[in-house]
Amino acid sequence: MDDVAAVSCPFDFRVGLEFDPLLRQLMSAGPVTRIRMPYGDAAWLVTDFEGVRQVTTDHRFSRAAIIGRDYPRLTPKPIVSPESINVMDPPHSSRLRRLASQAFTKPHVDRMRPAVERIVDTLLDEMVEHGPPADLVHHLSEPLPQRTICELLVIPPDDWPMLQGHVHEMLSTGHDTADAAAEAKAHLRSYFEELTARRRRSPGDDLISNLAAARDGDDAFDDQELAVMALTLMMSGHDTATCQISNIAYMLLTNPERWAILHRRRELLPGALEELLRFIPFRTGVGIPRVATQDVEVRGVTIRAGDFVHVSYLTANRDPSRYRDPDSLDLERPPSPNMAFGWGGHHCIAVPLAMAELQAAVGALLTRFPRLRLAVAPQELQWNAGTIRRFPCQLPVSW
């Protein structure tokens, strides 16, 4: 692909939750374009729904092949461990997913739901005690996913701030943060190796013990796999849910009519949450690329063996051939699968838990604070500028 000019893609657009104009430009250029990101080699970017579906389900595109290569990315250092399921290919990833998914079946998540709802109620009680105006990020968005995943993993509360700090360091995109990110990843890896070893010796009724007990015939997680899986769940569950609770609240509160509709018609909430997840650009740019292991044609473009390929779930979720009027937020949009949690072999395993958190959080806000409103003008809000995620740093509300 040396003869194809690459578009420079800093992917640093952070104006509220407006859609990145660079992504829109890339969509207009065609379903497959060549890009260059701040770090690593050049890559192809696939933007339309069908193209993204092809790349994420075609075994000729390998995530494992990025290991040891200078792959295109936004962070100075790679944030995934080579042993992580996020950079494995079938059949190895399929094996781990089968084992891990046993901890997130509907019966398991139904048993987790009361704990999630209890945490939500406790946090909102504390917010009421604080009184308006109160910062919804501080009182709900940030602590809920952290407390939920830490309680389900039975991590001592004294360790929560340390883990949260290391996660933030790993996701930083700053030029001078590479060493801190690498050190944070090493600390987290060591912590979860020790924690999972203790659970092996003394299992309990917790998520790590459930993962350790998972069986697929004679197959089970080994010690290293168990530690990396626990770390992956802690990072992905905490980070994504934190951003999305804040973003969903922002989207609803900046249009009070939407808030009023959901308050009056609570039966719309599950579908409305799916639509909000489809619509919200919750990250900057793209995530982990793949490598073509042989020549493959994608949407009329030949991807050569050895080329890096990125997909954009954000643009796929705005594809007009897939969604009618995709740039409109329609809380009554007929259900249609979206790519907010990925697609194919790397679709997020913990989606049932994440949705339980979102339903509990937004549902409780609607029930307990029907007149919830922003306490400042939207243009006064500050937005995260230091990591690959997009979300308001504070969300002052009154009721």
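How much of the protein's accessible surface belongs to carbon and sulfur atoms? In this predicted model, the share is 51% of an accessible surface of about 17,000 Å². As for what lies beneath that surface, 55% of the 399 residues are buried.

On overall build, the protein has 14 helices and 11 strands. Its radius of gyration is 21 Å, close to the 21 Å that the globule rule gives for 399 residues, so the protein is as compact as a globular protein of that length. Along the principal axes, the C-alpha atoms fill a box of roughly 60 × 55 × 40 Å. Looking at contacts with a separation of 6 or more, 74% come from residues 24 or more positions apart.

Now to the sheet. Six strands make up an open sheet with mixed pairing, in the order E1-E2-E3-E9-E6-E4. Strand E1 (7-8) and strand E4 (61-62) sit at the edges; each has a single partner strand, so one side of each goes without a neighbour in the sheet. Strand E9 (residues 308-311) runs parallel to strand E3 (residues 43-46), and three bridges join the two. Here Val 46 stands opposite Val 311. With E6, E9 pairs in the antiparallel sense, over two bridges, and Val 291 has Phe 308 of E9 as its bridge partner.

What about the faces of E9? In a regular strand, side chains alternate between the two faces of the sheet. Both faces of E9 turn out to be covered: Phe 308 and His 310 are buried on one side, Val 309 and Val 311 on the other. Helix H2 (residues 49-57) lies across E9 as well as E3, E4 and strand E6 (290-292), and runs at about 125 degrees to E9.

That leaves the packing of the interior. In soluble globular proteins, nonpolar side chains tend to be buried together. The largest nonpolar core here has 112 residues, and Phe 11, Phe 104, Phe 192 and Met 234 have the most contacts inside it. Helix H10 (residues 223-253) gives the most to this core, with 14 residues. A second, separate core has 18 residues, among them Phe 61, Val 309, Tyr 313 and Tyr 323. Val 309 is thus a member of this second core and one of the buried residues of E9.

Phe 11 deserves a look of its own. Leaving aside residues up to four places away in sequence, Phe 11 touches Asp 20, Leu 22, Leu 23, Leu 26, Ile 35, Met 37, Leu 45, Leu 74, Thr 284, Gly 285 and Val 286.

Conventions: Residues are numbered from 1 along each chain as its sequence is written. This is a predicted model: local features need pLDDT of at least 70, side-chain atom pairs count only at pLDDT 80 or more; totals for chains, interfaces and linings use all residues. Side-chain values use heavy atoms; hydrogens and water are left out. Two strands pair if DSSP finds at least two bridges between them. Helices (H or I, at least four residues) and strands (E, at least two) are DSSP runs, numbered from the N terminus. Contact means heavy atoms within 4.5 Å. Axes are lines fitted to C-alpha atoms, for helices over the stretch in contact, and angles run from 0 to 180 degrees between N-to-C directions. The radius of gyration is taken over C-alpha atoms; the globule rule is 2.2 Å times the number of residues to the power 0.38. Buried means under 20% relative accessible area, exposed over 50%, partly exposed in between (1.4 Å probe, protein chains only). Accessible areas come from the Shrake-Rupley method with a 1.4 Å probe; for residues, only the protein chains shown count as cover. A nonpolar core is a set of buried Ala, Val, Leu, Ile, Met, Phe, Trp, Tyr and Cys residues joined through side-chain atoms within 4.5 Å.
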